[in-house]
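Colleague: Could you take me through one part of this model in close detail? I would love to hear about the salt bridges, and what places the paired residues sit in.

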Amino acid sequence: MILTSLMLLGALPGGDLWAVRVKRAETVAKGPIEHALILVEDGRILAIGEDLPVERGIPVIEREDWVATPGWINCHTRVGFPRGMSSRTFDPQLSPEIEIDPRNDAWKELLELGVTTVGVYPDGTGIPGQAIVLRTRGDTLEEMLVHKPAYLSIHLQANSSSKNMLREAFSKVDEYEEKVAKEREKWEKEQEKKKSKSKSSKKDEDKDKKEEEKKEEEKKEEKKEDTLATQDEKKEEKASDAFVPPEPDEKVKPFLDLRAGTLEAMVSLSKAADYLHLLDVLEHEEKVHFSVEFPLRNDIDFYEVAPKIGEKKLLVVTQPETTLQPNSIRERNIPAELARAGAKLVLVPRDDSVEGHEEWRTDVGRLIGQGLSREAALAAVTLEAARVLDLGERLGSLEEGKQADIVFWSGDPFEPSTRVEAVMLEGRFVYGEVK
Amino acid sequence: MARTLETPLKLLSALLALAATVARIAAQDETPPAEGQQEEGAGEEGKKDDDEEHAKYFAIVGGDVVPGIGGILRDVTILARNGKITEIGHDVFVPEGAETLDAHGLRVYPGLVALGASGRITTGNLAAEGPEEDGGVAEPEEEIRFDALLPVPILAHPKEETAEETPDLQAEEGGDEMKSEIEDTFDPFSSQLVLALATGITSVQQQSAAVKLKRYEIEGVLLGDRHISTLTWSVNNPSNIRSLREKFERASSYLRDVRAWKDRGNKDEKEPSKRGVDATALRVLQGESLAYFRNGAREDLLGIARFAQEYGFRPVIEGCDEGWTVADELGRAGAFAVLIPRRRDPKDERFTRPGGASIENAAKLHAAGVQVAVRPENTGIDTIGIAGRDVLHMPVEAGFAVRGGLSEAAALEAMTLVPARILGVDHRIGSLEVGKDLDAIVTDGDLLHYRTFVQYTVVDGKLVYDKEKELYFAHIRPRPKKPEEPAPAAAEEPKAEEEKAEEPPADEKKDEAKDEESGGDDEKKDEPPKDDEG
């Protein structure tokens, strides 16, 4: 199949089509491929496979000593951003966009360390806002911005005020939905009245129909903005001209989106019990998708809820570190325990700084030595991280059709002596000398 | 009507039982909703609707059960269904699939109830620091200060300070909105919680709430709330006493008015106004909460006892150090005393009358009819050192009261049933009786003996602590070896790995136990719960 596609490719007019041959490609999604050839066109991976024959005329960069991995993704960072605001706020509508400084050196340094995509979370605790996704290259905000919002950041602790903040947010959504339902009822009654009138004068029926159709189209356009729009509503509204639901409050809308499944949440926790309290708050919100994030430190007891998290196959963001069991000197590899339990592990640097990103891969390597599977570790810094950012379809693995964000290493990326040889971002080499 | 329906249903289910897959559905349909004992345990598994089929049974088999209401039942089985005790007896049928705990050669007691325990037990030491933190607010964590010049530690927070903080509490108790937030703060993984379970504590007081120490889950931890209304009384502050009297006077006259109004039954007449009536006093007089005092001096105790008799409520007095000098008066008032047996309180030398703390305090109060509860001096719990971590040794604390003459049965009640009554949750916990929650501890000897360790702790019919499996005390005097012939019910009991079995004193301990039982036999009441089950 690949061959046929290649043949086709050959037939296509050249332009931006070329290939890289490496010693090994860690595809993440489909395991490692030895002597892999990666074919790239227009910023995307066109094909990848072992010893693929290449049509004549396609330039091939031969690097038989390199190892290729997808670009690394840190989905939960504030490198290059001010941070340290600890006040508890309820600003779910905010985003750290305005804080971006594209000239910050940190971006370039991250890129040279093989980090191609970052998810930047809003500062503060409580519900401080929505995260955004950036590529680590660009001169302006627009050039850097990949996608927003990535996820709604929620900090949840085991106390009433924290839990109530979330409960109230959802009760506001209930209120809004009630309001919408009432308005619709009102509107429907009006429509019925109109109908009965129009029926009495049956002459213009055909005209009416046409008008209806037109209005429906208009309505559909409006619907694009309205996340609440369900199919039922559409059916109901087919009767006549558009029902326009009232605009939700900007602080209510993110939770409306959560409920509708168009936005995901990342919940920051600080101990195992917080997770149970999170489930308690979300007891009746089955549709809300969320990932959890927690800092690893000694005395953390997160292993207690590992089976529960694993059962749900949740995305879990944490650091590559082993910790001590409370009141003991027993070492526990919580990331490995979570991965074994079935959770989708995402690892971010232990220290959220440029230096932390330098140590990131060796820390992950150490964790592999302490019991984490290599596959889970690789996915934890690429594919699963992309999933946290809602970009799992586009980034995170070396597969056909995915964006060509590739890091070329001098060897195994988890070995301390390995260097980054080159970084490709969206099909272009942005770091490293490639001739 | 129901009966006529039942028979065809039974027939139907019998027929369907042939096809195993269909039978399940049928069973679900015919489940009578009035089964009654739907508990958290069963509710958890949403898909398992069938109450009977999926009811969780737990049995403690073959232990010497001290039910906490007098007496001892030898070699009996306690069976619980969905966390509630259904049977206690010799020939209890243990259903197939029931989880069993072999207690042969061991003793079974009701779980202890710790009054005034540190908030860290329920919120954990990882609890975020902040104003929301529930734990440890009412009780300062480090109460004891060590002074180089004094031979014993002294209280860092003298009694006067409690008087200062009380107005707040009083206001809290009065308002209806002041509810315990424990359900939002409970940490079922707290290491202090595990330590409390290791001590044998299965429920704790947190401010005015009674909290069950559930492990691994946060549902159903709040047993009862707002059953305590803290009041202040001090002979040194007559104006405070006067205002308290006024409040109670107004509340009782209000209650009289309401009763009279009801008796008249005149529809046109307005209900007496509640305005200006103190909510706390009203709650106390209506029996919704207990008036809780922190007093130790004889004059105060006398004042409280007479005040309580005057208005007809039962006071709870924490401290009660000189209570032994006015025991009869306190007994007449039907008082509860929350004692700290080790407390040191010097006699006031200005008076010739008896005074000061006495080791006989608990015994004398109990003899006079006062319901005695025991709490430790300090509310902390930890494995670091002993002093200041008193909650870890509650039974030893009660042991001091026994040393002063209190009967062992009363000492057990002082840690179980009486505190449960004070917290208003004695219908759920505090003793091992049919219908109550199965919160039990299994020990390797008499609970009040200093050598005794809690081997297992069971909360709501679930094993939540096993000494051999936790880090804390597994290495100290490993579990005594079981008797040779295993009981048939305990055959599948999984604790076969008895590597550390070279421990000899099983016999020795039995002897001790026998001695203590004979001592406690005086207190033996009627043969308890076995008859109650019907």
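Modeller: Happy to! Please keep in mind that this is a predicted model. Searching the whole structure gives 55 salt bridges over all chains. Let me start with one that links A:Lys30 to A:Glu399, where the side chains come to 3.6 Å, N to O. A:Lys30 belongs to the loop between β1 (17-26) and β2 (32-41) of chain A, while A:Glu399 sits in the loop between α13 (383-388) and β19 (406-409), so this pair ties together parts that lie 369 residues apart in sequence. The two partners also differ in their surroundings: A:Lys30 is exposed at 64% relative accessible area, whereas A:Glu399, at 18%, falls under the 20% cut-off and counts as buried.

A salt bridge within a helix is found at A:Asp257 and A:Lys253, whose closest N and O atoms are 3.3 Å apart. Both residues belong to helix α7 (residues 253-260) of chain A, and because they are 4 residues apart there, about one helical turn separates them. Here A:Asp257 is buried, with 10% relative accessibility, and A:Lys253 is partly exposed at 26%.

Turning to chain B, B:Asp348 and B:Arg350 form a salt bridge through their side chains, at 2.7 Å from N to O. B:Asp348 is partly exposed, with a relative accessible area of 24%, while B:Arg350 reaches 70% and is exposed. Chain B also offers a network: salt bridges with shared partners connect B:Lys84, B:Lys212, B:Lys214, B:Arg428, B:Asp437, B:Asp439 and B:Asp460.

Note on methods: Residues numbered from 1 in each chain as written. Chains lettered and ligands numbered in written order. Predicted model: local features only at pLDDT ≥ 70, side-chain atom pairs only at ≥ 80, totals over all residues. Heavy atoms only, no water. Salt bridge = Lys/Arg side-chain N within 4 Å of Asp/Glu carboxyl O. Helix = DSSP H or I, 4+ residues; strand = E, 2+ residues; numbered from the N terminus. Buried < 20%, exposed > 50% of the residue type's maximum accessible area, 1.4 Å probe, protein only.
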